[in-house]
Amino acid sequence: MDFTYPAEVEKFRTELRDWLSANLTAELIAARRAAGHDDAAFEQQRAWNRTMADAGWAAVSWPREYGGRGATVLEQLVYTEETTRARAPLPLNVIGMNNIAPAIMHYGTETQKTTLLPRMMRADDIWCQGMSEPEAGSDLAALRTRAVREGDDFVVNGQKIWTSLGHRAKWCQLYVRTDPEAPKHKGISCLIVDMGLPGIEVRPLVTLNGDTDFAEIFFHDVRVPADALLGPLNGGWQVATTTLSHERAGAARLYAEMQVRLEELVDDIRRGARGSLDDPVTLRRLGEIAVRIKYLEVLCQRSISATLHGGSDGAAFSSASLAKTVWGEIGQELAALAFDVLGTRGDNAAWANYRLTSRSLTIAGGTTQINKNITAQRVLGLPRA
C-alpha cells in the first residue's frame with residue numbers, strides 16, 4: 001500500500017497545482033457550499049465547470065475520446081487529493097460524471113455519447129439519478145416505479161425521492177421495474193429520461209439547514225421513448241453495477257475532505273474560541289478525530305491499492321463501503337465538536353449548518369446499516385441470517 005509516484009504522475013500533480021493556483025479564486029471557494037439554494041452560486045459553479053472542461057480538468061478519469069485525460073489510478077488519486085485540498089468546488093454533475101457517464105459510455109449509443117457527455121461535463125445540462133423511493137432507499141432491488149411497454153414508448157408511473165438536484169435537472173437516469181414477475185434484481189431496467197416530458201412533477205425538498213439540494217419526483221403516465229433504454233431490457237442491475245464501480249480512486253476524497261475540515265475547525269477554534277485549544281477535553285476530541293481520519297486514509301488507500309495490484313472489484317468495493325461508513329461517522333463527530341465549542345452565531349454559522357447537514361452523512365449514498373451488512377458478508381464472510 002506504499003504508493004510510489006512515477007515522474008509523469010508528479011508532473012501531472014505540478015501541472016494541476018499550477019492551474020488551480022491560477023484559476024481557483026477565493027470567491028469560488030466560498031461559493032462551493034452554497035449551490036443548493038443560491039441561484040447565483042449555482043450559476044457561478046456552472047461557469048467553473050465550463051472553465052475546468054475547457055482546460056481538460058473536468059473529468060480526468062474519462063477516456064480521451066469523451067473529453068477526459070484517460071488518467072491512471074495514481075493520477076486520479078493525485079487529482080482527487082489536490083482538488084480537495086485546494087477546496088475546489090465539486091462538479092455540479094458529480095453523480096452524473098462519476099456514476100451515470102460510465103454507464104452511458106458502456107451501454108449508450110454513439111449519438112447518446114456524443115451529445116450527452118460533453119454537455120454533462122460542462123454542466124450545460126444538469127443530471128439526476130432516480131434510484132431511491134419512499135420504501136426503497138438503500139435497497140435498489142425493492143423499487144416499485146413501473147415502466148410498461150406500449151408501442152414505441154415505455155409508460156412510467158411511480159415516485160422517486162431524495163433525488164439530488166432533481167428540481168434543476170434536464171436529464172434523469174431512471175431505474176424502473178419492467179418485469180414485476182421476475183426476481184427483484186432481474187426485473188429492473190434503466191431509462192434516460194428527459195425531465196421536460198409531460199407527466200413529470202418535481203417538488204424540491206427543504207432539508208434541516210434550509211437547502212434544497214434534493215427533490216421528490218412523481219411520474220404520472222409519462223411516455224418515455226423506447227430508445228431511451230440504457231442497457232438491456234431488465235438489465236438495470238448490471239447498469240447500476242457499472243455505474244457504481246467506475247471511479248477507481250474516488251475514495252481518496254473521503255479522507256482528504258475530512259483532513260481539510262479538521263484543519264478549518266482548528267483554525268476557527270483558534271480564532272473564535274480563545275483558550276479552547278488548551279482545554280484537555282477539546283484536545284482529546286480533536287486528537288481522536290485526527291487518528292480516525294488517518295485510519296480512514298489507510299482504509300481508502302487499501303481500496304485503491306487493491307485496484308493498483310489486481311485485486312478483485314469486490315474487495316475494493318467492500319473496502320470503499322466500509323470507508324464510507326467511517327467517513328460519515330467522522331463527519332458527525334467533527335460537526336458535534338464544532339457545535340459544542342463554537343456555537344451557532346456570527347462567523348460560526350457555517351459550522352451550525354454543517355451540524356445539521358451532517359445527520360445525512362450516514363444515510364446518503366448507502367446507509368451505515370447497509371454498508372455494515374456489505375462488510376459483514378463480503379469481508380468477514382458472515383451469513384446473511
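## Close-ups of a predicted model

**View 1. What helix 6 leans on.** The buried residues of helix 6 pack against two helices, helix 3 (39-54) and helix 5 (94-107), and against strand 1 (127-130), strand 4 (171-177) and strand 5 (188-194). Keep in mind that this is a predicted model. The buried residues in question are Gln112, Lys113, Leu116, Leu117, Met120 and Met121. They share one side of helix 6, because the arc they cover around the axis is only 120°. The general reason such patterns arise is simple: with 3.6 residues a turn in an α-helix, residues three or four places apart point the same way. Turn to the other side of helix 6 and you find Thr111 and Thr114, both exposed.

**View 2. Helix 6 end to end, and what comes after.** Helix 6 takes in residues 110-121, 12 residues in all. At 1.5 Å a residue it should span 16 Å, and its end C-alpha atoms sit 17 Å apart, so the two values agree. Just past the helix, look for Ala123: Ala123 follows helix 6 and has a positive phi, near 65°.

**View 3. Cysteines without a bridge.** Why is there no bond between Cys172 and Cys128? The closest cysteine sulfur to that of Cys172 belongs to Cys128, but it is 3.7 Å away, which is too far for a bond, given that a disulfide needs the two sulfur atoms within 2.5 Å. Cys190 is in no disulfide either; its nearest cysteine sulfur is that of Cys172, at 8.6 Å. By this rule, the count of disulfides comes to 0. As for accessibility, Cys172 is buried, with a relative accessible area of 0%, and Cys190 is buried at 0% as well.

**View 4. The annotated span, residues 128-222.** UniProt, in an unreviewed entry, lists residues 128-222 as "domain: Acyl-CoA oxidase/dehydrogenase middle". In the model this span is 52% strand and 0% helix. The C-alpha atoms at the two ends of residues 128-222 lie 17 Å apart.

**View 5. Val206 in its loop.** Here we zoom in on the loop between strand 6 (200-205) and strand 7 (214-225), where Val206 is found. Is Val206 buried or exposed? Its relative accessibility is 62%, so Val206 counts as exposed, the cut-off for that being over 50%. Leaving aside residues up to four places away in sequence, Val206 touches Asp211 and Thr212.

Methods:
Residues numbered from 1 in each chain as written. Predicted model: local features only at pLDDT ≥ 70, side-chain atom pairs only at ≥ 80, totals over all residues. Heavy atoms only, no water. Buried < 20%, exposed > 50% of the residue type's maximum accessible area, 1.4 Å probe, protein only. Helix = DSSP H or I, 4+ residues; strand = E, 2+ residues; numbered from the N terminus. Expected span 1.5 Å × (residues − 1). Arc of directions from axis to C-beta. Contact = heavy atoms within 4.5 Å. UniProt positions renumbered as here; feature names shortened; annotations may be inferred.
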